[in-house]
Amino acid sequence: MSRFPPFSRYESGAASARVRDQLVRLRLHMREEAILDEAVARLATELNIRPGEAAEQLSRMAQHSGLELVEVARGIERSPEGPRPRPEVPGWVSGMLEAVHASALYLTPIKDATGRVVDFLILAANRHARTVAGRTAAELTGHRLMEASPGVAGSGLLDDYIAVFESGEPIHRESVEFVEAVDSLLWPATLAVRASRVDGGLLVSWRPLDDEELLVSGWERAQRLAELGWGEWNLATQRTLWTPQMYEMFGRDRSDGPTPLEDLPAVVVPEDLPIVEDLVRSLLEHREAVETEFRIQHRHGVRHLSVFSEPILDADGVPVKVRCLAQDVTKNRRKERALAVAHEQAQRQRRRAEEEHRITVQLQNTILPIRRGLIHLPGLTVGVRYLPGEELIRLGGDWFKARLIPDGRVLLAIGDAMGHGLTATSIMLQMRSGLAGLAYTQAPADRLATWLNDLIVHSNEGVTVTGTAIIGHFDPHDYTFQWTNAGHLAPLLIRDGRPQPIDGTQGMMLGAFDVTEYQMTTTALQSGDVLLLYTDGVVERRGQDLEAGIDALLQAARSCAADDPEELIDCVLDRLGGDSLEDDVCLLAVRVL
């Protein structure tokens, strides 16, 4: 069953229409190419210059006129044809041409003022002469070559002819993809071309390849592209035939001839010798066709060959020949190995990620056993909400602290260790537990932040570990909140239902520098006030700047008029789309009693 859904009639009709549109655009482009080729040939003929120079001249004309190149090319008209004197053709030239049983021309050079050959005059043509576009001998004789056949420039044949004339070395092109340009149309053909210098001119001949030759030429190209080779071993005469690709696959010099069948094991990788022995046994003893794969020692390394072999039997069923079709599949095998390695690495990473996730969750559960609920402290009721990321890559290092310390003040802190996964969780553990110990010194919040920074820096030498935090103390006697900001988002103060960020001095994030001092901010609170402390997962959204996220939080807090801290948190998260939050989320809603 096909893995593709069946097309309806409408869908197939639409697909055909798209194909037709592509072909129409291509044919339009081909017409423009023909116009350009003819224009270049006409300019080169008129100015007596080479085609490359004519193309540059055409481009300059387009730039100066401000028109499209093809529009300028349409304006290059063919020079008016007047009566042409019929050139005198030596008898030996006519005789030579008639001896050629293909289209043939005798060309004489046309030179510019500096003596360079820029074109050729068609002095004579034989009776077989016929161009790709159908021009006959009578239409060619007496014309310049570029004028009669503009395609010689784009196909490179004109450059070949000039080189033959100047060097005297003949050429034979067995397969030339030639594209003629006549009357704004392209005429493609595959030609066999010969050119030789004879006396003071050139003898040029060509013929289109017939269907059989085109198929053979196409098969040879297919062999090169697909890295296919064909071979035949004659078991009676011991004569072997190989295509050129077989020599390349086996890394064998053509002068050494093909590898005899009995010598095949000598080039096979030792581990694959049983495969080759079984191959030969199946061909010669069981007289069966075999499809197999083995490796050979190539001069450029090990090669993987996929081989289909068959025995050729005589009338009595005796093998007289062995034929094989071989393909070099080394690239495919390398890709398969790379994919297998990548798959195994992905599996290992997945298992490692799953284990890391399990350990991270266990650590978080140990460090932050309270994920939600109310904490009752002197003068305060604290609503807590911690939502860890579901995926390992989103499992962060958010943390909080809300507890009474021996001097009667309440420690309130929230922070975020940079990064995700087990690393962030371990840093979070270091920050939270470090602060818990330091808090018992009853030092002010700015001093605690400085000490916590020193602890992080000196406990992770050689590795940069950073995090942010709000650390502060609430005094139930005078309702003041003395706090310091270590690179964290400013808390919100909700008073009389109107939220606003608290202005405070923001210090450097924890762990960034060895020696860091922090400033203290004192905020006077009133009964009924709510402090909202939060981590960046609450306000950060992909594709949205941070200010937009903070504005959304302010709007949510403004529309949530709940007295209960937990209800306030629920309302805020709901307004922010709590189900779609991408990162860890930690909030403290601190209500002053």
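**Sheets, helices and salt bridges in the predicted model**

Helix α11 (residues 273–284) lies across strands β8, β9 (301–313) and β10 (319–328), and its direction makes about 140° with that of β8. The model described here is predicted. The three strands touched by helix α11 belong to an open sheet of five strands, arranged in the order β7-β6-β10-β9-β8 with antiparallel pairing. At the edges stand β7 (240–242) and β8 (290–298), each of which pairs on one side only. From one strand to the next, the twist averages 25°. Within this sheet, strand β6 (residues 228–234) is joined to β7 by three bridges in the antiparallel sense, and Gly231 stands opposite Trp242 in β7.

The sheet that contains β6 and β10 also carries a salt bridge. Glu232 is paired with Lys321, and the closest N and O atoms are 3.4 Å apart. Because Glu232 lies in strand β6 and Lys321 in strand β10, the pair ties together parts that are 89 residues apart in sequence. The two partners fall into separate accessibility classes: Glu232 is buried, with a relative accessible area of 8%, whereas Lys321 is partly exposed, with a value of 24%.

A further open sheet is formed by five strands in the order β2-β1-β5-β4-β3, and its pairing is likewise antiparallel. Here β2 (117–125) and β3 (171–182) occupy the edges; each has a single partner strand, so one side of each is left without a neighbour in the sheet. The twist of this sheet averages 40° from one strand to the next. Strand β3 is joined to strand β4 (residues 185–198) by 10 bridges, and the two run antiparallel. In this region His172 stands opposite Arg194 in β4.

Two helices are associated with the sheet of β1 to β5. Helix α4 (residues 91–98) packs on the sheet and touches β1 (103–111), β2, β4 and β5, with its direction at about 140° to that of β1. Helix α8 (residues 157–167) lies across β1, β2, β3, β4 and β5, and runs at about 85° to β2.

Within strand β5 (residues 201–208), Ser205 was examined individually. The relative accessibility of Ser205 is 14%, so this residue counts as buried, the limit being under 20%. When neighbours within four places in sequence are left aside, the contacts of Ser205 are Val100, Ser103, Ala104, Ala192, Val193 and Arg194. Arg194 is thus a contact of Ser205 and also the residue of β4 that stands opposite His172.

Ala148, in helix α6 (residues 145–148), is another buried residue, with a relative accessible area of 4%. Apart from neighbours within four places in sequence, Ala148 is in contact with Ile122, Arg135, Leu140, His143 and Glu180. The C-alpha atoms of Ala148 and Thr131 are 9.0 Å apart, while the two residues are separated by 17 residues in sequence.

Strand β20 (residues 521–524) has a covered face, made up of Thr521 and Thr523, and an uncovered one, made up of Thr522 and Ala524. Four bridges join β20 to strand β16 (residues 480–486), and the two strands run antiparallel. Thr522, which belongs to the uncovered face, is the bridge partner of Gln482.

On the surface, Val19, Leu23, Leu26 and Met30 form a nonpolar patch with about 310 Å² of accessible area together. Met30 is found in helix α1 (residues 9–47) and counts as partly exposed, at 32% relative accessibility.

Over the whole structure, 17 salt bridges were found. One of these joins Arg74 to Glu71, with an N to O distance of 2.8 Å. Both residues lie in helix α3 (residues 69–74), three residues apart, about one turn of the helix. Arg74 is partly exposed at 43% relative accessible area, and Glu71 is partly exposed at 41%.

Another salt bridge links Arg385 to Glu566, with the closest N and O atoms 3.6 Å apart. Arg385 lies in strand β12 (residues 380–387) and Glu566 in helix α16 (residues 565–575), so the pair ties together parts that are 181 residues apart in sequence. Arg385 is buried, with a relative accessible area of 3%. In addition, Glu53, Asp112 and Arg116 are joined into one network by salt bridges that share partners.

Key:
Residues numbered from 1 in each chain as written. Predicted model: local features only at pLDDT ≥ 70, side-chain atom pairs only at ≥ 80, totals over all residues. Heavy atoms only, no water. Buried < 20%, exposed > 50% of the residue type's maximum accessible area, 1.4 Å probe, protein only. Contact = heavy atoms within 4.5 Å. Pairing = 2+ DSSP bridges. Axes fitted to C-alpha atoms, helices over the stretch in contact; angles between N-to-C directions. Patch = residues over 30% accessible without salt bridge, like charges linked within 9 Å, V, L, I, M, F, W, Y side chains within 5 Å. Areas by Shrake-Rupley, 256 points an atom, 1.4 Å probe, with all protein chains shown as cover. Salt bridge = Lys/Arg side-chain N within 4 Å of Asp/Glu carboxyl O.
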